[in-house]
Amino acid sequence: MDVRVNAEAPQSPQHVEIRREDYRPYPWKVPNTRLKFTLGLGKTRVQAILDVEPNAAAESSDVLCLNGDELTPLGVWVDGSPLDSWLMDGDDLLIPLTPGKHEVGIDTEFSPAANTKLMGLYASNGMLCTQCEAEGFRRITFFPDRPDVLSRYRVRMEADKAKFPILLTNGNPIESGEGADGIHWAEWEDPFPKPCYLFALVAGDLKANRDSFTTMSGRKVELGIWVREADLPKTSHAMESLKRAMRWDEEVYGREYDLDLFNIVAVSDFNMGAMENKGLNIFNSAYILADPDTATDGDFDNIARVVAHEYFHNWSGDRVTCRDWFQLSLKEGFTVFRDQSFGADIGSPAVKRIDDVRTLRMIQFQEDSGPLAHPVRPDSYIEISNFYTATIYNKGAELIRMMKTVLGEKKFRAGTDLYFERHDGEAATCDDFVKALEDASGVDLTHLKLWYSQAGTPHVTARLEQTGGKAVLHLRQSVAATPGQPVKKPMAIPLKTALIGEESGAEIASERLILLEESEATVEFDNISEPALLSINRGFSAPIVLDVDRKPDDLEKLAASDTDPFARYEAMQELMLRWLISTAKGETVDPQPVIRAVGDTLRSNQLDSAFKAEVILPPSESMVGDRMDVIDPAAIHAAREQLRSVIGRDLSSELANAQRGGGQPGHDVSAEAKGARRLRTVALGLLAAGDPANGAKLAKAQFGAADNMTDRQGAMMVLASLEAPQRKEALDAFYARYEDDPLVIDKWFGVQAAAQRPDTVDQVVALAEHPKFNPANPNRLRSIAISFGMNQWAFHDESGRGYRFLADLILKADKLNPQVAARLVPPFGRWQRFEPKRAALMRTELERILSTPGLSKDLYEQVSKSLV
Ligand code: 0A1
Ligand code: ZN
């Protein structure tokens with residue numbers, strides 16, 4: 001059938017802005033959806049039948065508008081009769097309908113093998129899989145592709161049994177059978193109404209690691225993790241993590257799993273980390289496959305985190321979903337908060353908090369202070385895929401954490417119970433979430449709601465004044481302008497605060513929660529018996545930048561004695577940051593206070609290795625840059641290298657002890673063994689900075705002796721930045737050993753793109769020509785592009801060649817996969833923060849991208865906004 005165009009409807013301009021205030025309920029309900037898939041790699045046919053009826057809660061319409069993307073209807077039926085009067089409006093299908101209930105049938109056909117965007121149904125490694133969030137379902141069939149249209153799905157899959165022996169979709173299997181010519185089929189039903197972004201289907205030659213879980217009410221749930229047969233031995237950690245997450249959600253949130261079946265599938269081509277499709281989670285294989293020989297301790301932790309995250313979405317996302325994509329943080333901020341809490345409960349809470357705050361500072365703070373800054377609940381977007389950001393996820397999680405801090409454990413739980421009960425089976429908003437917490441707790445949370453709508457990281461200055469037995473804390477806050485928000489209101493900032501005795505090292509004013517709500521405030525502390533040190537924003541109770549007016553040696557004392565471990569870490573970071581900033585500005589500063597504090601930490605018998613490793617690691621170059629008005633990457637790099645080498649030289653024996661220490665076997669993944677390994681590589685890096693020749697020897701020895709990937713990759717990372725013969729030996733040996741393991745080869749690329757070397761730009765240019773570099777595979781593309789974009793010194797090479805390289809790569813990737821290409825833009829977005837020469841070079845590259853014909857809307861949005 002020809003494609004007909006609706007002449008009256010305006011042809012959609014290329015890049016339309018969608019606004020939150022324009023939300024209207026969909027005029028139709030779709031209580032049931034039946035889909036029949038005739039599956040093939042080169043060609044898949046989809047026959048859809050939708051039951052539709054007018055939505056009484058919306059304005060009525062005589063047209064059913066169904067979204068499509070690169071689809072052509074092969075046929076349209078209404079109530080069983082072929083219909084000719086349908087029209088295309090851009091990519092969407094318009095079907096005229098009289099009021100009342102109807103059955104609408106639509107046939108479509110497309111090629112999964114040609115789908116390089118990896119949205120909708122696509123081919124990966126010979127199998128077929130789907131990704132529908134946010135707007136991928138419209139690439140499978142015409143449908144109201146919006147999260148507030150919930151439907152019950154019955155799905156029939158037909159495929160060649162030899163090529164696709166396993167057929168999976170959401171819900172429960174109902175029937176299956178075999179047809180002629182080697183075809184087999186399976187029919188499944190999902191009893192829970194869901195938005196189409198949670199639809200999933202997988203067909204392929206897969207094997208399952210099977211297990212089961214008995215829920216708190218005694219129901220047995222069958223669990224399956226589906227992978228290629230050769231990968232089965234690498235699935236046990238993911239399975240253990242899943243069962244732990246299921247138990248944790250019952251114990252901590254009272255949430256029980258609802259279907260009889262929970263399946264996870266690992267795929268090698270995936271745009272993000274993983275996806276919470278109802279009963280059938282689909283994962284980037286990087287977040288499933290692990291054994292000590294191929295995965296680092298960090299990989300193991302990430303697997304536990306992501307498996308838990310997707311599982312937790314079953315309630316915070318699937319049972320209660322989002323009304324529209326502006327509410328994305330409703331499910332993502334809350335679910336990140338839940339996975340962070342899970343991580344803290346199964347490991348060390350202090351180290352976990354340090355890790356989470358580091359991610360927030362490195363990614364979200366940069367986003368929030370640049371041209372792509374947006375509120376946790378945005379007001380508009382051009383392409384929703386660009387809004388899966390650290391602001392929606394990580395700042396969103398901080399906002400939930402602040403609500404919990406204000407409410408306390410019990411009231412928060414009462415609030416989440418009410419939220420799940422009240423909105424079960426619904427598409428809700430961020431306001432609904434806050435209302436449920438308020439109604440259950442009786443506490444007004446209006447003051448915290450500004451965090452949803454106002455972008456930008458608040459800056460707080462704090463000064464403690466002490467006279468006699470009294471101390472007065474002076475607080476002042478400000479929020480810088482962000483795009484579209486020139487003037488800011490004061491935020492409500494919960495600050496956990498205590499005073500530490502300068503001599504005793506004890507808490508002389510115990511921790512209290514100060515809520516800073518105005519631009520300025522003072523808080524008094526009575527009965528203060530000795531000189532006091534201010535310990536503020538303990539546990540990082542608010543996601544802010546804090547500037548405390550302190551006496552020079554206060555930080556050193558706090559680093560040694562603060563009773564809150566996070567605050568201790570903060571004191572040490574601040575001590576190092578101040579030294580790095582002053583040195584980068586050309587001032588001469590004594591490093592001895594830093595050396596003393598690092599030395600005390602290393603020698604401490606009380607602190608565990610994981611905590612020591614976090615505390616002695618100097619802040620990243622980009623974190624130093626964030627604190628400077630004008631960023632000069634070369635000066636920052638030189639300052640950081642100087643600090644690393646002084647630490648390495650002055651504390652060589654303590655560091656050598658730490659590098660030798662531990663001795664636990666590689667398969668030991670206890671907190672203690674992991675901590676020892678983390679400290680080993682951090683110490684190795686500092687030793688190599690102090691004495692590169694000896695460092696190279698030690699690193700090569702660590703590399704050769706390693707019985708696990710953490711030590712092996714750690715040693716290779718240190719060597720990758722050195723100028724020593726052992727560098728090439730290690731890289732070559734690593735490549736030869738893991739040539740056939742794509743996830744490990746990603747590490748090989750990543751380590752070289754992250755290397756701190758003057759010739760890293762040349763290295764990445766060469767790596768992009770390597771036979772194993774494939775920009776169509778998102779993990780491989782990111783192994784170079786993300787690591788290099790975050791490598792401040794190398795990316796900002798003053799020649800501008802780093803900028804040109806990444807811009808070329810982005811343009812190349814955009815032709816294949818716009819969503820992934822657009823996610824590589826943020827390093828360019830900071831151009832205005834750099835010294836003028838680099839800023840001009842970066843701007844030129846952004847303009848070059850923007851003027852390239854045929855740019856995707858994903859890339860257009862990120863680049864055009866970055867230029868403002
Ligand atoms: N909801 C998922 C994230 C996700 C979003 C979009 C995707 O499309 C490519 C994939 C995954 C999560 O939070 O885990
Ligand atoms: Zn999520």
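L118 is buried, because 24 other C-beta atoms lie within 10 Å and the cut-off for a buried residue is 20 or more. This is a predicted model, and L118 is a convenient place to enter it. The residue sits in the loop between β9 and β10 (120–124). Its phi is near 55°, a positive value in a residue other than glycine.

Strand β9, on one side of that loop, has two pairings to follow. Strand β3 (residues 44–54) is joined to strand β9 (residues 102–110) by 9 bridges, and the two run antiparallel. Within this pairing, V52 stands opposite H102 of β9. Strand β5 (residues 75–78) also pairs with β9 in the antiparallel sense, over 4 bridges. Here W77 has G105 as its bridge partner in β9. As a rule, side chains in a regular strand alternate between the two faces of the sheet.

The UniProt record, an unreviewed entry, places the feature "domain: Aminopeptidase N-like N-terminal" at residues 101–198. Over that range the chain is 0% helix and 53% strand, with the end C-alpha atoms 25 Å apart.

Further along the chain comes the loop between β11 (127–131) and β12 (151–160), where F137 lies. Is F137 buried or exposed? F137 is buried, since 27 other C-beta atoms are within 10 Å of its own. Leaving aside neighbours within four places in sequence, F137 is in contact with C132, F143, D145, C196, Y197 and F199. The C-alpha atoms of F137 and M119 are separated by 7.9 Å, although the two residues are 18 apart along the chain. A134 is found in the loop between β11 and β12 as well. A cis peptide bond joins E133 to A134, with omega at about 0°.

E133 leads to the ligand. The residues around ligand 1 are Q131, E133, N271, M272, G273, A274, M275, E276, H309, E310, E332 and Y388. The elements that give two or more residues to this shell are β20 (274–275) and α2 (297–312). By type, the shell divides into 4 nonpolar, 4 polar and 4 charged residues.

A second feature in the UniProt record, again from an unreviewed entry, is "domain: Peptidase M1 membrane alanine aminopeptidase", placed at residues 238–448. Over residues 238–448 the chain is 55% helix and 9% strand, and the end C-alpha atoms are 36 Å apart.

Next is the nonpolar core. The largest nonpolar core has 250 residues, of which V202, A203, V265, I282, I288, L719 and L806 touch the most other members. What does I288 touch, not counting residues up to four places away in sequence? The residues in question are I225, V227, T235, A238, I264, A266, F283 and I303.

Two places later in the chain remain. Strand β27 (residues 493–501) and strand β28 (residues 507–516) run antiparallel and are joined by 7 bridges. L499 stands opposite A509 in β28. The two strands form a hairpin with 5 residues between them, and G505 in the turn has a positive phi of about 70°.

The last stop is F540, in the loop between β30 (532–536) and β31 (545–549). F540 is a residue other than glycine with a positive phi, near 55°. Why does F540 count as buried? F540 is buried because 21 other C-beta atoms lie within 10 Å, and the cut-off is 20 or more.

Key:
Residues numbered from 1 in each chain as written. Chains lettered and ligands numbered in written order. Predicted model: local features only at pLDDT ≥ 70, side-chain atom pairs only at ≥ 80, totals over all residues. UniProt positions renumbered as here; feature names shortened; annotations may be inferred. Near = placed C-beta within 6 Å. Nonpolar A, V, L, I, M, F, W, Y, C, P; charged D, E, K, R; others polar. Core = buried A, V, L, I, M, F, W, Y, C linked by C-beta atoms within 7 Å. Buried ≥ 20, exposed ≤ 12 C-beta atoms within 10 Å, placed from the backbone. Contact = placed C-beta atoms within 7 Å. Pairing = 2+ DSSP bridges.
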